[in-house]
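Hi,

Here is the structure I promised to pass on. Have a look at it first, and my notes on what turned up follow below.

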Amino acid sequence: MFRTSVRSLKDPLREHVCFSCLAQGLGGRPRLRQFSNSPLSRAKSGDDQASDEIQLLIFHTPKGDSPTAKKKKKKRKGLQDVTDSVVRRVSIISPSPSPSPSHSHSPSPSPSHSPSPSPSPSPSPSASMSLQEQILKTLRDDDAKVRTEATKKRRGSTTPDTGQPIRKETVTAKIKRAELSALERAKPRNPGAPFQGEEDSTARIQSSLQSVVTLLDSRGADLGGRETIQTLSENARSVVGRHSGEVHSEELSITPLEIKTAPVPRLSFGLDRVLFNPGVYHLRDPRSRVFNFDPYLGSIMPVTEFDFDALKEYITSSRDETLRGIAEKEKKKYVGSSSSMTSVLSHFHYLLSSWRPIDARNISQGFPDKLRTFTRLLRAPAAMFLRYQDGVYAIDADKEFDSANILINLGKSLEKLLTLPKEDFERYRRTSTNKISPEEEQAIPEAYHYSTMGDFVMRSQLDAYDPRLPGTGMFDLKTRAVVSIRMDVRNFEHGLGYEIRHRFGGYESYEREFFDMIRAAFLKYSLQVRIGRMDGIFVAFHNVERIFGFQYVSLPEMDQTLHGQSDTSLGDTEFQLSLALWNKILDRATAKFPKKSLRFHFETRDAQTPFMYIFAEPVTDDEIHAIQTKNQEKIEAYQRRILNLPSKERIKPKPTPAPSELKAGSQPTTPAKDQTAESSDKKKGSSQEISTTSDVDQETPATSDGSPASESQGAPAEEAQEAPRELLAMTLMVKNKMNGYYVERPTNFTASDKWTVQWELTEVKQPQAQSLYTACQNRRAKALEIRGEGETGVAANVYIRKLREIARQGREFRQREDALDKERGIVVLDGAI
């Protein structure tokens, strides 16, 4: 928020004016943007300089009609006093003319009404010009005075090298000139015409001030991560077609499918107590040293001892015959799993919420991290494959930048630990005499939930169940490694020893882990919960060697941090609207490239009006295979190292045969549950958490402007020489209406409210389309690259070294704790074993 001292706007009792609040006090909503304020639509209307001008957008809303008017009534009254001081100042010079009977009942177009009981009429032409000239003269005098004072202040100050006076103008002087310029532009071309049509003197001054407020508000915004005006202007000149429409929330709903599924497991070791206790449940109370649960949970089975080959294989959406059969039966067109859909749905959240910041009000005031944005990894472009077969399109996650790490393996083993008795879990140990066989594991059926909306059939794997929970009683299992592991997951050995010892604080605390989940994980977790119609997530905090505690986070609690309200109506409605918009985009792409497999990229960009890039290109099965198995050899080599396997022993995922060698409808499989997106978070944990835990959330100068020219410089030369491929490039812009009123983003939304999204889908022609696509791919590659100690960012390296030092101290602390256990013994809560 931009605050400064404004002499022309203040009264004797007010020294500072908030321009954004002033604009609201004058009846405008400065951050509310419509299509007419976007470069594309302005170019369509014939404005050649649409991308270079800062447009003024004022909404004239009748007093009391807006749902937010009553909430800001007191605030606006105080701000109105500031504006009235300007009016009084001009009125001293030139009093308003007497009312005219012919205009006594004409309503003022300004939303801020004069304190006078009767409306002020429009002045005569001569009076209008006289008043405006006096306003201009007053501002010129004040501006000259400020310039003189600024000159006196810097008199005698010179630069060391040139001896020239240092140009240090005050902010007040700049604002004066902005006001003067705004009023100069407001002068009518015809001297005999009335000033600003039929507006009264108060409304004229308010309109001029509104121009200054809008200008300063736009300048005060952080434009570092926004799309540049040059790129938007080029997009406007490359438009080849537009499609628009509306989506109404009251017409959308998710329909669960009643399909018989296998029994869902329940928590073991008495962990169900965590479900009904808000906050963190310690495995061992740090003060009394009493275990709340079986101490067996305290030591995690090493990944080298767990038999991962015994686990079932993961079935992708394109290979799931059951899912395809359901789509054909329900006459649906698109199928997908919760893990393959959440990355794209996240970008619809950014678009519909206009980059709503996270709500960290439940974080303590002493917490040092002040960032309120999502992590860079979460904001990175999302990619997916839409694989066609027999009239059904399957959504598969794009694995071009996938890599292996220990967290993927550990997540699988810990899920078994949390849902199996101790004796059954020990059967997965490699050295067990009663080791479980792959045949026995395959005989255990998986539990899935299926639901539909529009042309989608969605599949969600069910991890755990408790009938005492609200709704369906289902919830998801999540394992969360400590920050020292996530920051440098490729070299996790250096982070071993980091412990969670406190409830609050910047390090070694549950608060740190919870805050990181808000920025990096809760958005995808909440979407997975909604797809599976679950109640929440069960989180186990660990450092690879030990489990420290557990926490059950319900969907309302996640929504509070993401949407600013615990009522899930807002998140549910946004989820449905996202699916509806996604449906329209896929329909457009499949109509252009019928019966073809497609590769999609989605990216929401920040601009004066946030918008989304959508790129779709046809791909063959061989091309999909090459992309999906790009890093398979590196993954297998890393798996052999961390699992301590012989080099000749093959581990899963097995080598993927080329599509030409497969039968129709078949595809290679990989082990694990339906957790592609979750694993992706863990794989890129290092990159993700660098921007999460320290203020290293910026881009390099070469790419800070976000322009295709700068971001495509790193494209390989061979790619630039390739023949142009078929490509569909589109931009999506939306307007939100809540209960009939335009809003930047819905707030305080309830089940009885109505949310309408007006959307505009614009196609971009070549060569601009290819330039934008290359820039998007480069941004994704940069965000998903492995980062760690070898990274060039000095700040990130310092942070990693700090975490490693804390981990070293944690290992010393653990040695002392183990010594105390040997001396005093272990105390367990009655009934915990």
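Tyrosine 613 counts as buried, because its relative accessibility is 1% and the cut-off for buried is under 20%. Phenylalanine 611 is buried too, since it comes out at 4%. The rings of these two, phenylalanine 611 and tyrosine 613, form an edge-to-face aromatic pair, with 5.0 Å between the centres and 85° between the planes. Before you read too much into any of this, bear in mind that the model is predicted.

There are more ring pairs to look at: the count comes to 27 aromatic pairs. One of them is phenylalanine 348 with tryptophan 582, and this pair is classed as tilted because the planes sit at 35°, where stacked needs under 30 degrees and edge-to-face over 60. The centres of the two rings are 6.4 Å apart. In sequence the partners are 234 residues apart, with phenylalanine 348 in helix H9 (residues 338-352) and tryptophan 582 in helix H18 (residues 569-592), so the pair links distant parts of the chain. Phenylalanine 348 and tryptophan 582 are both buried. They also belong to a cluster linked by ring pairs, which includes Tyr334, Tyr388, Tyr393 and Phe456 as well.

Two rings have a charged side chain over the face. Arginine 501 lies over phenylalanine 813, 4.0 Å from the ring centre, and lysine 737 lies over tyrosine 742, at 5.1 Å from the ring centre.

Now the wider view. The protein chain has 833 residues, and 56% of them count as buried. Its secondary structure comes to 26 helices and 23 strands. Among contacts with a separation of 6 or more, 78% are between residues 24 or more positions apart. The accessible surface is about 37200 Å², and carbon and sulfur atoms account for 51% of that.

What about the nonpolar residues? In soluble globular proteins, nonpolar side chains tend to be buried together. Here, the largest nonpolar core has 86 residues, and those touching the most other members are Leu271, Phe475, Phe522, Phe538 and Phe550. Helix H11 (residues 406-419) supplies the largest share of this core, with six residues. Apart from this core lies another one, of 46 residues, and tryptophan 582 turns up there along with Ile395, Ile531 and Leu570, among others. Back in the largest core, which residues does phenylalanine 522 touch? Leaving out residues up to four places away in sequence, the list is Phe514, Met517, Ile537, Val553, Met558, Thr561 and Leu562.

Helix H11 comes up again with helix H20 (residues 632-642), as the buried residues of H20 pack against H11. Those buried residues are Gln632, Ile635, Glu636, Tyr638, Gln639, Arg640 and Ile642. An α-helix has 3.6 residues a turn, so residues three or four places apart point the same way. After H20 comes asparagine 644, which has a positive phi, near 60°.

Last, a sheet. Five strands form an open sheet with mixed pairing, in the order E5-E16-E15-E14-E13. Strand E5 (280-282) and strand E13 (464-465) are the edge strands, each pairing on one side only. Further in, strand E14 (residues 474-481) and strand E15 (residues 536-542) run parallel and are joined by six bridges. If you want a spot to zoom in on, alanine 481 stands opposite histidine 542 in E15.

Cheers

Methods:
Residues are numbered from 1 along each chain as its sequence is written. This is a predicted model: local features need pLDDT of at least 70, side-chain atom pairs count only at pLDDT 80 or more; totals for chains, interfaces and linings use all residues. Side-chain values use heavy atoms; hydrogens and water are left out. Rings of Phe, Tyr and Trp (its six-membered ring) pair if their centres lie within 6.5 Å; planes under 30 degrees apart count as stacked, over 60 as edge-to-face and the rest as tilted. Helices (H or I, at least four residues) and strands (E, at least two) are DSSP runs, numbered from the N terminus. Buried means under 20% relative accessible area, exposed over 50%, partly exposed in between (1.4 Å probe, protein chains only). A charge sits over a ring if NZ of Lys or CZ of Arg is within 6 Å of the ring centre and within 35 degrees of the ring normal. Two strands pair if DSSP finds at least two bridges between them. Contact means heavy atoms within 4.5 Å. Accessible areas come from the Shrake-Rupley method with a 1.4 Å probe; for residues, only the protein chains shown count as cover. A nonpolar core is a set of buried Ala, Val, Leu, Ile, Met, Phe, Trp, Tyr and Cys residues joined through side-chain atoms within 4.5 Å.
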